[in-house]
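Biologist: I'm new to reading protein models, and I'd like to go through one feature by feature. Please give me the general idea each time, then show me the case here.

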Amino acid sequence: MFSKNLKYYRLKKNMSKKELASLVEVTPMAISHYESGDRRPGMDVIKALASALDVRVSDFLRNRNENLVFTHGEFRKGSRLSVGQQEYVHESVEEYMNRFYTIVDILGGEVLPEAPACHRIDLSENPEQDAKALRKYLRISEAGPIGNLVELLENKGILVCFLEIESDSFSGMNGLVNGRPYIIVNKAMSPERVRSTIVHEMAHFIFVWPEELQDKDVENRATAISGAFLLSEEDAKRELGIRRSAVTKDMALICREYGISMYLLVKRANLCGIITDSTAKDFYIKAGQHGWKRNEPSRINQEEPTLFSQLVFRAVSESEISVQKGAELLKQPYDFVAAQCFAAEG
(Lines give C-alpha, C1' and ligand atoms only; values in the text may rest on other atoms or scores of the structure.)
Protein backbone atom coordinates (compact mmCIF):
# COMPACT_ATOMS: atom_id res chain seq x y z
CA MET A 1 0.00 0.00 0.00
CA PHE A 2 1.70 3.14 -1.27
CA SER A 3 0.23 5.52 1.32
CA LYS A 4 1.40 3.51 4.35
CA ASN A 5 4.83 2.85 2.86
CA LEU A 6 5.34 6.54 2.09
CA LYS A 7 4.48 7.55 5.63
CA TYR A 8 6.75 4.86 7.12
CA TYR A 9 9.79 5.89 5.10
CA ARG A 10 9.20 9.60 5.71
CA LEU A 11 9.03 9.05 9.46
CA LYS A 12 12.04 6.74 9.34
CA LYS A 13 13.97 9.56 7.68
CA ASN A 14 12.73 11.88 10.46
CA MET A 15 11.43 14.27 7.83
CA SER A 16 8.38 16.51 8.14
CA LYS A 17 5.74 16.70 5.41
CA LYS A 18 6.84 20.25 4.71
CA GLU A 19 10.49 19.22 4.27
CA LEU A 20 9.60 16.33 1.97
CA ALA A 21 7.21 18.50 -0.05
CA SER A 22 9.95 21.08 -0.59
CA LEU A 23 12.35 18.43 -1.91
CA VAL A 24 9.90 17.04 -4.45
CA GLU A 25 8.33 20.40 -5.30
CA VAL A 26 4.76 19.66 -4.22
CA THR A 27 2.70 21.15 -1.39
CA PRO A 28 2.63 19.74 2.17
CA MET A 29 -1.09 19.20 1.62
CA ALA A 30 -0.26 16.94 -1.33
CA ILE A 31 1.96 14.80 0.93
CA SER A 32 -0.92 14.57 3.40
CA HIS A 33 -3.24 13.40 0.63
CA TYR A 34 -0.68 10.82 -0.55
CA GLU A 35 -0.24 9.43 2.98
CA SER A 36 -3.98 9.30 3.68
CA GLY A 37 -4.62 7.49 0.41
CA ASP A 38 -6.90 10.24 -0.93
CA ARG A 39 -4.61 10.76 -3.90
CA ARG A 40 -1.93 8.79 -5.69
CA PRO A 41 0.91 10.68 -7.38
CA GLY A 42 2.18 10.00 -10.86
CA MET A 43 5.31 7.95 -11.43
CA ASP A 44 7.47 11.05 -11.82
CA VAL A 45 6.50 12.23 -8.32
CA ILE A 46 6.92 8.72 -6.90
CA LYS A 47 10.46 8.61 -8.28
CA ALA A 48 11.17 12.02 -6.77
CA LEU A 49 9.81 10.87 -3.40
CA ALA A 50 11.97 7.74 -3.54
CA SER A 51 15.05 9.82 -4.31
CA ALA A 52 14.31 12.28 -1.49
CA LEU A 53 13.85 9.47 1.03
CA ASP A 54 16.76 7.37 -0.32
CA VAL A 55 14.63 4.29 -1.03
CA ARG A 56 13.71 2.30 -4.14
CA VAL A 57 10.45 2.85 -5.98
CA SER A 58 9.66 -0.81 -5.31
CA ASP A 59 9.78 -0.09 -1.56
CA PHE A 60 6.83 2.24 -2.00
CA LEU A 61 4.90 -0.27 -4.07
CA ARG A 62 5.27 -3.22 -1.70
CA ASN A 63 1.88 -4.71 -0.82
CA ARG A 64 0.45 -4.46 2.69
CA ASN A 65 -1.75 -7.12 4.28
CA GLU A 66 -5.06 -5.34 4.78
CA ASN A 67 -6.36 -8.21 6.93
CA LEU A 68 -4.03 -7.33 9.81
CA VAL A 69 -5.76 -5.57 12.70
CA PHE A 70 -3.52 -3.65 15.08
CA THR A 71 -4.31 -2.53 18.61
CA HIS A 72 -1.33 -0.51 19.76
CA GLY A 73 -0.69 0.03 23.45
CA GLU A 74 -0.25 3.48 24.87
CA PHE A 75 3.09 5.18 25.33
CA ARG A 76 4.09 5.71 28.92
CA LYS A 77 2.66 8.80 30.52
CA GLY A 78 5.09 11.67 30.43
CA SER A 79 6.91 10.27 27.42
CA ARG A 80 9.06 12.90 25.76
CA LEU A 81 8.70 11.31 22.32
CA SER A 82 7.43 13.72 19.71
CA VAL A 83 4.22 12.96 17.84
CA GLY A 84 6.31 12.09 14.80
CA GLN A 85 8.43 9.64 16.79
CA GLN A 86 5.33 8.00 18.25
CA GLU A 87 3.89 7.64 14.77
CA TYR A 88 7.19 6.14 13.61
CA VAL A 89 7.03 3.48 16.33
CA HIS A 90 3.50 2.51 15.26
CA GLU A 91 4.38 2.52 11.58
CA SER A 92 7.52 0.45 12.22
CA VAL A 93 5.49 -2.22 14.01
CA GLU A 94 2.98 -2.37 11.19
CA GLU A 95 5.66 -2.46 8.47
CA TYR A 96 7.52 -5.27 10.26
CA MET A 97 4.38 -7.30 10.98
CA ASN A 98 3.28 -7.02 7.38
CA ARG A 99 6.54 -8.63 6.27
CA PHE A 100 6.32 -11.17 9.08
CA TYR A 101 2.75 -12.22 8.30
CA THR A 102 3.55 -12.52 4.60
CA ILE A 103 5.72 -15.54 5.35
CA VAL A 104 3.24 -16.85 7.93
CA ASP A 105 0.49 -16.81 5.28
CA ILE A 106 2.74 -18.60 2.80
CA LEU A 107 3.68 -21.38 5.24
CA GLY A 108 0.32 -21.51 7.00
CA GLY A 109 -0.79 -20.04 10.32
CA GLU A 110 0.00 -23.28 12.18
CA VAL A 111 3.70 -22.38 12.08
CA LEU A 112 3.06 -19.98 14.98
CA PRO A 113 2.59 -21.23 18.54
CA GLU A 114 -0.85 -20.62 20.00
CA ALA A 115 -1.11 -17.05 21.24
CA PRO A 116 -1.40 -16.70 25.04
CA ALA A 117 -4.59 -15.23 26.44
CA CYS A 118 -4.14 -11.65 27.66
CA HIS A 119 -5.25 -10.07 30.93
CA ARG A 120 -5.74 -13.40 32.70
CA ILE A 121 -3.77 -13.04 35.95
CA ASP A 122 -5.22 -11.05 38.84
CA LEU A 123 -2.74 -8.89 40.71
CA SER A 124 -1.90 -9.91 44.26
CA GLU A 125 -0.65 -7.58 46.97
CA ASN A 126 2.92 -8.74 46.41
CA PRO A 127 5.08 -8.29 43.27
CA GLU A 128 7.08 -11.38 44.27
CA GLN A 129 3.93 -13.50 44.06
CA ASP A 130 2.94 -11.81 40.81
CA ALA A 131 6.32 -12.65 39.29
CA LYS A 132 5.92 -16.30 40.27
CA ALA A 133 2.41 -16.30 38.81
CA LEU A 134 3.80 -14.89 35.55
CA ARG A 135 6.47 -17.59 35.40
CA LYS A 136 3.84 -20.24 36.06
CA TYR A 137 1.63 -18.76 33.33
CA LEU A 138 4.54 -19.13 30.88
CA ARG A 139 5.11 -22.69 32.16
CA ILE A 140 8.65 -22.13 33.39
CA SER A 141 10.19 -22.72 36.84
CA GLU A 142 9.26 -20.28 39.59
CA ALA A 143 12.92 -19.54 40.31
CA GLY A 144 16.31 -19.69 38.64
CA PRO A 145 17.93 -17.72 35.82
CA ILE A 146 16.11 -17.33 32.51
CA GLY A 147 18.30 -17.84 29.46
CA ASN A 148 17.32 -16.36 26.10
CA LEU A 149 14.18 -14.42 27.00
CA VAL A 150 13.33 -13.39 23.43
CA GLU A 151 13.53 -17.00 22.24
CA LEU A 152 11.38 -18.10 25.18
CA LEU A 153 8.60 -15.64 24.37
CA GLU A 154 8.65 -16.41 20.64
CA ASN A 155 8.15 -20.08 21.51
CA LYS A 156 5.22 -19.06 23.73
CA GLY A 157 3.45 -17.25 20.89
CA ILE A 158 4.46 -13.69 21.83
CA LEU A 159 5.98 -11.71 18.96
CA VAL A 160 9.03 -9.56 19.68
CA CYS A 161 10.20 -6.74 17.43
CA PHE A 162 13.34 -4.66 17.82
CA LEU A 163 13.43 -1.02 16.77
CA GLU A 164 16.55 1.12 17.03
CA ILE A 165 15.61 4.66 17.97
CA GLU A 166 18.16 7.04 19.44
CA SER A 167 16.01 8.37 22.25
CA ASP A 168 16.07 7.69 25.97
CA SER A 169 12.38 8.57 25.92
CA PHE A 170 11.41 5.24 24.36
CA SER A 171 12.18 1.86 25.89
CA GLY A 172 9.29 -0.30 24.77
CA MET A 173 5.61 -0.73 24.00
CA ASN A 174 3.15 -3.58 23.63
CA GLY A 175 0.06 -4.23 21.58
CA LEU A 176 -1.89 -6.79 19.57
CA VAL A 177 -1.82 -7.85 15.94
CA ASN A 178 -4.84 -9.96 15.02
CA GLY A 179 -5.27 -10.66 18.71
CA ARG A 180 -1.69 -11.89 19.18
CA PRO A 181 0.44 -9.92 21.66
CA TYR A 182 3.56 -8.21 20.45
CA ILE A 183 6.34 -6.40 22.30
CA ILE A 184 8.52 -3.79 20.63
CA VAL A 185 11.72 -2.67 22.36
CA ASN A 186 14.39 -0.11 21.65
CA LYS A 187 17.44 -2.04 20.46
CA ALA A 188 19.65 0.96 21.25
CA MET A 189 19.37 0.09 24.95
CA SER A 190 21.73 -2.26 26.78
CA PRO A 191 20.90 -6.00 26.57
CA GLU A 192 20.07 -6.00 30.28
CA ARG A 193 17.63 -3.12 29.95
CA VAL A 194 16.06 -4.80 26.91
CA ARG A 195 15.31 -7.86 29.04
CA SER A 196 13.82 -5.79 31.85
CA THR A 197 11.71 -3.83 29.38
CA ILE A 198 10.39 -6.99 27.71
CA VAL A 199 9.11 -8.35 31.02
CA HIS A 200 7.71 -4.94 31.98
CA GLU A 201 5.70 -4.79 28.75
CA MET A 202 4.60 -8.41 29.11
CA ALA A 203 3.22 -7.64 32.57
CA HIS A 204 1.01 -4.97 31.02
CA PHE A 205 -0.90 -7.42 28.83
CA ILE A 206 -0.83 -10.56 30.96
CA PHE A 207 -2.18 -9.11 34.23
CA VAL A 208 -5.60 -7.66 34.98
CA TRP A 209 -4.95 -4.09 36.05
CA PRO A 210 -7.55 -2.52 38.39
CA GLU A 211 -9.07 0.59 36.86
CA GLU A 212 -8.56 2.57 40.05
CA LEU A 213 -4.76 2.25 39.84
CA GLN A 214 -3.04 5.45 38.76
CA ASP A 215 -0.79 5.27 35.69
CA LYS A 216 2.31 5.88 37.79
CA ASP A 217 1.35 3.05 40.12
CA VAL A 218 0.80 0.71 37.18
CA GLU A 219 4.25 1.50 35.78
CA ASN A 220 5.93 1.06 39.17
CA ARG A 221 4.17 -2.25 39.75
CA ALA A 222 5.08 -3.54 36.28
CA THR A 223 8.70 -2.58 36.96
CA ALA A 224 8.64 -4.37 40.32
CA ILE A 225 7.19 -7.51 38.72
CA SER A 226 9.86 -7.39 36.03
CA GLY A 227 12.67 -7.27 38.60
CA ALA A 228 11.22 -10.13 40.65
CA PHE A 229 10.61 -12.16 37.49
CA LEU A 230 14.26 -11.91 36.42
CA LEU A 231 15.68 -12.41 39.93
CA SER A 232 13.35 -13.89 42.52
CA GLU A 233 13.80 -13.22 46.24
CA GLU A 234 14.66 -16.88 46.70
CA ASP A 235 17.42 -16.63 44.08
CA ALA A 236 18.71 -13.32 45.43
CA LYS A 237 19.18 -14.72 48.93
CA ARG A 238 20.71 -17.95 47.67
CA GLU A 239 23.17 -16.14 45.39
CA LEU A 240 24.01 -13.18 47.64
CA GLY A 241 23.43 -14.55 51.11
CA ILE A 242 20.98 -13.31 53.74
CA ARG A 243 23.03 -10.19 54.51
CA ARG A 244 25.66 -8.17 52.69
CA SER A 245 27.50 -5.18 54.04
CA ALA A 246 28.67 -3.82 50.68
CA VAL A 247 28.22 -4.04 46.92
CA THR A 248 31.25 -5.97 45.71
CA LYS A 249 32.78 -6.92 42.36
CA ASP A 250 31.83 -10.58 42.61
CA MET A 251 28.18 -9.56 42.26
CA ALA A 252 28.88 -8.91 38.57
CA LEU A 253 28.94 -12.69 38.08
CA ILE A 254 25.35 -12.86 39.30
CA CYS A 255 24.40 -10.08 36.91
CA ARG A 256 25.82 -12.10 34.04
CA GLU A 257 24.12 -15.31 35.14
CA TYR A 258 20.67 -13.72 35.45
CA GLY A 259 20.99 -11.25 32.57
CA ILE A 260 20.39 -8.16 34.70
CA SER A 261 22.19 -4.89 35.40
CA MET A 262 24.02 -4.12 38.62
CA TYR A 263 21.47 -1.38 39.23
CA LEU A 264 18.68 -3.97 39.18
CA LEU A 265 20.65 -6.42 41.31
CA VAL A 266 21.27 -3.76 43.97
CA LYS A 267 17.62 -2.73 43.86
CA ARG A 268 16.50 -6.33 44.31
CA ALA A 269 19.03 -6.89 47.12
CA ASN A 270 17.73 -3.81 48.89
CA LEU A 271 14.06 -4.80 48.49
CA CYS A 272 14.82 -8.31 49.75
CA GLY A 273 16.55 -6.94 52.87
CA ILE A 274 19.96 -8.24 51.89
CA ILE A 275 21.58 -4.81 51.90
CA THR A 276 20.55 -1.68 53.75
CA ASP A 277 19.17 1.51 52.26
CA SER A 278 22.44 3.30 52.99
CA THR A 279 24.47 0.61 51.21
CA ALA A 280 22.21 0.85 48.17
CA LYS A 281 22.39 4.66 48.23
CA ASP A 282 26.19 4.56 48.41
CA PHE A 283 26.24 2.33 45.31
CA TYR A 284 23.89 4.61 43.38
CA ILE A 285 26.08 7.64 44.14
CA LYS A 286 29.28 5.92 43.04
CA ALA A 287 27.63 4.36 39.98
CA GLY A 288 26.24 7.76 38.99
CA GLN A 289 29.70 9.28 39.20
CA HIS A 290 30.92 6.65 36.73
CA GLY A 291 28.03 7.34 34.33
CA TRP A 292 26.37 4.00 34.96
CA LYS A 293 22.88 5.47 35.25
CA ARG A 294 22.78 5.76 31.45
CA ASN A 295 25.71 3.65 30.33
CA GLU A 296 26.38 0.80 32.72
CA PRO A 297 28.78 -1.68 31.05
CA SER A 298 26.90 -4.64 29.59
CA ARG A 299 27.87 -8.13 30.73
CA ILE A 300 25.75 -10.21 28.34
CA ASN A 301 25.18 -10.50 24.62
CA GLN A 302 22.17 -8.92 22.95
CA GLU A 303 19.33 -11.34 22.33
CA GLU A 304 17.68 -11.18 18.92
CA PRO A 305 14.29 -12.31 17.58
CA THR A 306 14.90 -15.34 15.33
CA LEU A 307 11.41 -16.61 14.45
CA PHE A 308 10.97 -14.39 11.40
CA SER A 309 14.34 -15.36 9.93
CA GLN A 310 13.75 -19.02 10.72
CA LEU A 311 10.43 -19.03 8.84
CA VAL A 312 11.89 -17.21 5.83
CA PHE A 313 14.88 -19.57 5.62
CA ARG A 314 12.49 -22.53 5.82
CA ALA A 315 10.33 -21.15 3.01
CA VAL A 316 13.36 -20.54 0.79
CA SER A 317 14.84 -23.97 1.52
CA GLU A 318 11.52 -25.66 0.69
CA SER A 319 11.16 -23.57 -2.52
CA GLU A 320 8.02 -21.87 -1.24
CA ILE A 321 9.61 -18.51 -2.09
CA SER A 322 12.68 -17.40 -4.02
CA VAL A 323 15.92 -16.29 -2.43
CA GLN A 324 15.20 -12.80 -3.75
CA LYS A 325 11.79 -12.76 -2.05
CA GLY A 326 13.36 -13.95 1.19
CA ALA A 327 15.96 -11.17 0.99
CA GLU A 328 13.22 -8.59 0.44
CA LEU A 329 11.19 -9.83 3.41
CA LEU A 330 14.16 -9.83 5.77
CA LYS A 331 15.76 -6.72 4.23
CA GLN A 332 19.01 -8.64 3.97
CA PRO A 333 21.44 -9.14 1.05
CA TYR A 334 20.66 -11.92 -1.43
CA ASP A 335 23.97 -13.71 -0.69
CA PHE A 336 23.29 -13.71 3.05
CA VAL A 337 19.92 -15.44 2.64
CA ALA A 338 21.30 -17.90 0.10
CA ALA A 339 24.15 -18.81 2.45
CA GLN A 340 21.71 -19.58 5.26
CA CYS A 341 19.59 -21.87 3.09
CA PHE A 342 21.94 -23.75 0.78
CA ALA A 343 25.20 -25.62 1.30
CA ALA A 344 28.24 -24.16 -0.41
CA GLU A 345 29.22 -25.93 -3.62
CA GLY A 346 32.49 -27.80 -3.95
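Modeller: Let's start with strand pairing: two strands count as paired if DSSP finds at least two bridges between them. Keep in mind that this is a predicted model.

Biologist: Okay, how many strands does the open sheet have, and in what order do they come?

Modeller: In general, strands of a sheet pair through backbone hydrogen bonds, and they can be parallel or antiparallel. Here the open sheet has four strands in the order S1-S4-S5-S3, and the pairing is mixed. S1 (70-72) and S3 are the edge strands with a single partner each, so each has one side without a neighbour in the sheet. On average, neighbouring strands of this sheet are turned by 25 degrees against each other, if you ignore direction.

Biologist: Which sense does the pairing of S1 and S4 have?

Modeller: Strand S4 covers residues 172-177, and it pairs with S1 in the antiparallel sense over three bridges. You can look for the partners yourself: Thr-71 has Leu-176 of S4 as its bridge partner, and Phe-70 stands opposite Val-177 in S4.

Biologist: And how many bridges join S4 to S5?

Modeller: Six, with the two strands running antiparallel. On this side, Val-177 has Arg-180 of S5 as its bridge partner. S4 and S5 form a hairpin with two residues between the strands, and there Asn-178 takes a positive phi near 50 degrees.

Biologist: Is S4 largely enclosed or open?

Modeller: For that we use relative accessible area, and buried means under 20%. Five of the six residues of S4 are buried, so the rest of the structure largely encloses this strand. There's a helix to look for here too: H6 lies across S1, S3, S4 and S5 (180-186), and runs at about 125 degrees to S3.

Biologist: Let me try the burial idea on one residue. Why does Glu-35 count as buried?

Modeller: Its relative accessibility is 10%, and the cut-off is under 20%, so Glu-35 counts as buried. You'll find Glu-35 in helix H3 (residues 28-36). Setting aside neighbours within four places in sequence, Glu-35 touches Ser-3, Leu-6, Lys-7, Arg-10 and Lys-17.

Biologist: Now pockets. How much space lies in the largest pocket?

Modeller: About 1,700 Å³. It is lined by 44 residues, and those closest to its centre are Arg-76, Ser-171, Arg-193, Thr-197 and Lys-293. Next, see which elements supply the lining: helices H9 (191-206), H10 (215-230), H13 (262-271) and H15 (292-295) each supply at least two residues, and H10 gives the most, with seven. Then sort the lining by class: 12 residues are nonpolar, 17 polar and 15 charged.

Biologist: What about the second largest pocket, how much space lies there?

Modeller: About 670 Å³. Of the 25 residues lining that pocket, Tyr-96, Arg-99, Phe-162, Lys-187 and Leu-330 are the closest to its centre. Helices H1 (2-12), H6 (83-107), H16 (307-317) and H18 (334-341), along with strand S3 (159-163), each give two or more residues to its lining.

Biologist: Which element gives the most to this lining?

Modeller: H6, with five residues. That's the helix you met lying across the sheet strands. By class, this second lining has 13 nonpolar, five polar and seven charged residues.

Technical notes
Residues numbered from 1 in each chain as written. Predicted model: local features only at pLDDT ≥ 70, side-chain atom pairs only at ≥ 80, totals over all residues. Heavy atoms only, no water. 1 Å grid on protein atoms, 1.4 Å probe; cavity = no way out; pocket = protein on both sides within 12 Å on 5 of 7 lines; lining within 4 Å. Points joined across faces, edges and corners; volume = space filled by probe spheres on them. Nonpolar A, V, L, I, M, F, W, Y, C, P; charged D, E, K, R; others polar. Axes fitted to C-alpha atoms, helices over the stretch in contact; angles between N-to-C directions. Contact = heavy atoms within 4.5 Å. Buried < 20%, exposed > 50% of the residue type's maximum accessible area, 1.4 Å probe, protein only.
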